[in-house]
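Here are my notes on the model, as numbered points. Please read them with the structure open.

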Amino acid sequence: MKTSLLPLLLLLSAAHVALAQTATPPAHQSTTAPTRLHGVVHDATGQPLPGVNVFLKSTFDGASTDSLGRFDFRTDRAAGPAVLVVSFIGYVPQELLVTLGEGAISLPNIRLKLNPAALGDVVVTAGAFEASDAKRGTLLKPLDIVTTAGALGDVAGALNALPGTTRVGEDGKLFVRGGAASETKYYIDGLPVQTPYGGAVPNVASRGRFSPFLFKGLVFSTGGYSAEYGQALSAVVVQNSTDLAPETQSSVSLMSVGGSLGRTRRWERTSVAVSADYTNLAPYYNLVPQNLGWDRAPLALGGSLKVAHKAGEAGMLKIYSTYSRQRLALRQPDPSPAYAADGHPITLANDNAYLNATYRTPLVRGWSLNSGLALTVDDNLIRPDVQRVRDLDQSAVARVVLTNDSASTWFNLKIGLEGYAQRYRQQYQSSAEASTLALAVDEQRGSGFAESEMVLSHRLAARVGARAEYSALLHQFNAAPRLGLAYKTGEHSQLSAAWGYFYQTPTNDLLRISHALNFERAEHYSLLFERTVHDRTLRAELYQKKYCQLVTYDRANIYNPVGYQNAGSGYARGLDVLFRDRSTFKMADYWISYGFLDTRRQYRADPVAAIPIFAARHNLSVVGKYYVARMHTQFGFTYSYGSGRRYFDPNLPGYNQATLPAYQDLSLNVSYLTHWFKQFTIVYVSASNVLNRQNIYGYTFAGTPDATGQYRSAAVLPPAPRMLFVGVFISINKTKVDLNARPD
């Protein structure tokens, strides 16, 4: 892997040298009598403006303002008059005449006026649900993830309450607009995450690896996303981690399924946070009847370390690392004669380590640098009965992005490079005495992108970009143009459209058999209308995806590489609608989402084009939250409905011709805010499927017919009819909290 990353590291080093050379003062400038220039930049209302580009015209001498709007730099330019340029995207630039060589120059109150054609007036939003404080059209806040009933603090669980998704209970991952779970990619601080979900066995849902409290913002793009992101045919989830922790505190969590400890220490420019987690479902499973036979209830140990350091005036270095260890063993229902009595035994042992390090800083002339490195090691051992399957996946990704938001009030520019290296090994034994079958994937992939957001008029904006990738494993190159448009139809509404090509390397389970494959491809079209008035938001989006070059193979001979080819295709089209209201009812928040999906595809082992087993034609979610100030309590509910998904019944003619019963779930939760032992405390109780709906996720069929010629089946059910969760979360030494305020 060191050899794989060497070209990328050389490239990053060259970029650093080039920037250093660019920042060298021109030769005609004098090196004597430096002049200091410092000051503060505000907007028209007097609020400080961070990230403003301040520089001397015709030179490279300058700086960007910090979070308080301050700038401070020195110049060696010869004494005499000079022009100081102050520019920031969305504002009218200023040019100030200054005199160098007569001592320090202080400009304590520079004010910039908004440009009437600013990018902030109209934003290209087709396909994206943004959850951050940076955008005025926020639809989903990070806290929604932990307060949405039924989500149980899982990112995918909360996002499944948004339109465009289908709840697949036996998997637990995100299935977006007719795409498989592998077609949705997660990013943390701009870096792709190789293993976003914990280890899992078939027909038992997995959970996300990362706590939602780690992040300050989240963007869920269901299609037509930026050229900055790749390797995803359907969707991306972009999560941005917090910077410096706000304060020093400790935390203790006691839950019905385990507990955790955390400690955060904050200094002036640095913060360090450590945590340890323990989960053991054995006590809970002993109390609550289960649909599965657990020989060893899920057990997990983990910990994390987060370091943030402010470098210089505006630079930020962040290092985040986690380790988790999972173990479980169970007996799943199986209609085959050998397992009909006691079930099919299967065990899982998973160990995962992840490191994410990023650095961002302003450069010169409005440019800023974002760079990062992520490392992943995932060791997964599954034992289905006497078989043994071990997957060892090691990957590294490095990224550098340059952004200029101050080049013009009419456009910005973002360019980036990304390098990826992977070493995947699988060892398979059909029994303890059998020989080991070894399969491998070694991938080295490089990519680059360029993108610009442009103001075409005070009502019309565009986002134009392109992404290119090369895979050393596939010996293939792709180029993906992307375009977004937004037109402001009124003071509170706008119309957005997006189009683009999206490529993805085949997954490891395909590449381990054959390397003679090509990138899979999807083409996205979307049209969105959005209106937001007084904390009420309505979104309606039409979309269409065209798939081609999907990998197919022969189900009867899956280890024959000759049968693997990019012969599959398909489509997905539909309508997504979301209405969210946070103002009609005091202290209440609710949203209603609906998705209509028409999809069909032929890929993997499909003999013909068919509706995928993970796609539901109709999906509905109703989420509500109400805070009672006098009780310091928030009540919440989530109702979810999904029309019956298709599945293949070998007892019937055709393929994927049978339909499951509709999925329905009503989940409730209660959050009580109080102080225990003078420390801020949250008591949280949640219950899923309170109406005891018998949801069926699918059927497992015997491999051979019985004496009557029929294939016997066993229903795939949730591990338990419902899940009850109780937790107490205590923050020690936390600054006083207003318990009467709604927990936003």
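1. Start with the pair Arg712 and Asp706. The model is predicted, and in it these two side chains form a salt bridge, with the closest N and O atoms 3.4 Å apart. Arg712 is exposed, at 54% relative accessibility. Asp706 is partly exposed, with a relative accessible area of 25%. The cut-off for exposed is over 50%, so Arg712 passes at 54% and Asp706 does not at 25%.

2. Next, the network. Glu228, Arg399, Lys414, Glu418, Arg467 and Glu469 are joined into one network by salt bridges that share partners. In the model as a whole, the count comes to 30 salt bridges.

3. One member of that network deserves its own entry. Arg467 sits in strand E23, residues 460-471. Is Arg467 buried or exposed? Its relative accessible area is 3%, so Arg467 is buried. The side chains of Arg467 and Glu469 are also joined by a polar contact of 3.3 Å.

4. The surroundings of Arg467 are worth checking by eye. Neighbours within four places in sequence are set aside here. The remaining contacts include Ala227, Glu228, Tyr229 and Gly230. Glu418 is another contact of Arg467. So are Ser447, Gly448 and Phe449. Asn478, Ala479, Ala480 and Arg482 complete the list. Asn478 is eleven residues from Arg467 along the chain, and their C-alpha atoms are separated by 8.3 Å.

5. Now a buried salt bridge. Arg177 pairs with Asp576, and the closest N and O atoms are 3.0 Å apart. Arg177 lies in the loop between helix H3 (155-159) and strand E9 (184-188), while Asp576 lies in strand E28 (residues 565-581), so the pair ties together parts that are 399 residues apart in sequence. Both partners are covered: Arg177 is buried with a relative accessible area of 3%, and Asp576 counts as buried at 3% relative accessibility.

6. The loop between H3 and E9 also holds Glu183. Which residue does Glu183 meet in a salt bridge? The partner is Arg601, at 3.0 Å from N to O. Arg601 belongs to strand E29 (residues 588-602), so this pair ties together parts that are 418 residues apart in sequence. Glu183 counts as buried at 4% relative accessibility. Arg601 counts as buried at 1%.

7. On to strand pairing. Strand E13 (residues 249-255) and strand E14 (residues 258-266) run antiparallel and are joined by seven bridges. A hairpin of two residues links E13 to E14. Within this pairing, Ser251 has Gly262 in E14 as its bridge partner.

8. E13 has a further partner to inspect. Six bridges join E13 to E38, and these strands run antiparallel. Val252 is bridged to Ile730 in E38. For orientation, E38 covers residues 724-732 and contains Leu724.

9. Last, the surface around Leu724. Leu724 counts as partly exposed, at 40% relative accessibility. It belongs to a nonpolar surface patch of about 530 Å². The patch is made by Tyr626, Met631, Phe635, Val670, Val685, Leu724 and Val726.

Definitions and conventions:
Residues numbered from 1 in each chain as written. Predicted model: local features only at pLDDT ≥ 70, side-chain atom pairs only at ≥ 80, totals over all residues. Heavy atoms only, no water. Helix = DSSP H or I, 4+ residues; strand = E, 2+ residues; numbered from the N terminus. Buried < 20%, exposed > 50% of the residue type's maximum accessible area, 1.4 Å probe, protein only. Contact = heavy atoms within 4.5 Å. Polar contact = N/O pair within 3.5 Å; in protein donor to acceptor, adjacent residues only side chain to side chain. Patch = residues over 30% accessible without salt bridge, like charges linked within 9 Å, V, L, I, M, F, W, Y side chains within 5 Å. Areas by Shrake-Rupley, 256 points an atom, 1.4 Å probe, with all protein chains shown as cover. Salt bridge = Lys/Arg side-chain N within 4 Å of Asp/Glu carboxyl O. Pairing = 2+ DSSP bridges.
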